[in-house]
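Colleague: I would like a close look at one part of this model. Please set the scene with the whole chain before you zoom in.

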Amino acid sequence: MALQSAGEGRPSERLDPHPRLEPREGQAEMRQRRGREHPGELCSGPGKLTLALGIRGSDHGTPMTGAGRPGGVGLRVPAVPLAPGQVVAEDIRVGIRKAVDFKWRFVAVGHAHVSVPLGKVKVPGATSRKRAGRK
């Protein structure tokens with residue numbers, strides 16, 4: 001899922017957040033849409049997230065901010081902040097082949113809903129010593 005902003009006289013800006021969230025509200029609907037029970041399996045990837053949130057192809061281009069935004073849709077500050085001592089860190093994105101050096105993935109370090117822990121993303125094309133037959 002990508003969020004994009006553009007306006008008259010200014011360039012398009014695109015934010016590709018690592019598509020994952022901790023389901024805090026609406027879990028019953030998410031479970032029904034996803035056919036899963038465990039909260040960690042509801043929104044742990046782009047396809048899973050869009051299914052859980054009920055996002056469809058017809059939603060493409062829906063405003064997420066401003067006056068044109070439909071009711072109940074959009075970005076907002078979470079009602080429940082990070083836990084005390086929780087740290088958000090930058091990392092490389094999962095499953096990409098281009099711009100792998102850009103740290104455009106933001107994770108809550110040690111959080112249960114982070115699919116790949118900080119620093120553990122495998123860079124495409126990189127071969128581990130074990131896979132290469134070395135010890």
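Colleague: How much area does the protein chain expose, and what share of it do carbon and sulfur atoms supply? Then take me to the packing of helix 1 with helix 2.

Modeller: The model is predicted: local features need pLDDT of at least 70, side-chain atom pairs count only at pLDDT 80 or more, and totals for chains, interfaces and linings use all residues. Residues are numbered from 1 along each chain as its sequence is written, and side-chain values use heavy atoms, with hydrogens and water left out.

The protein chain exposes about 10200 Å², by the Shrake-Rupley method with a 1.4 Å probe. Carbon and sulfur atoms supply 54% of that area. Of the 135 residues, 19% count as buried (under 20% relative accessible area, 1.4 Å probe, protein chains only).

The chain holds two helices and four strands (DSSP runs: H or I of at least four residues, E of at least two, numbered from the N terminus). Their order from the N terminus is β-β-α-α-β-β.

Now the helix pair. Helix 1 spans residues 27–34 and helix 2 spans residues 46–53. They pack at about 120°, with axes 7 Å apart (lines fitted to C-alpha atoms over the stretch in contact; angles run from 0 to 180 degrees between N-to-C directions). That makes helix 1 oblique to helix 2 (not under 35 degrees, over 145, or 65 to 115).

Met30, Arg33 and Arg34 of helix 1 meet Lys48, Leu51, Ala52 and Leu53 of helix 2 (heavy atoms within 4.5 Å). The residues of this contact comprise four nonpolar, three charged and no polar (Ala, Val, Leu, Ile, Met, Phe, Trp, Tyr, Cys and Pro are nonpolar; Asp, Glu, Lys and Arg charged; the others, Gly among them, polar).

Methods. Buried < 20%, exposed > 50% of the residue type's maximum accessible area, 1.4 Å probe, protein only.
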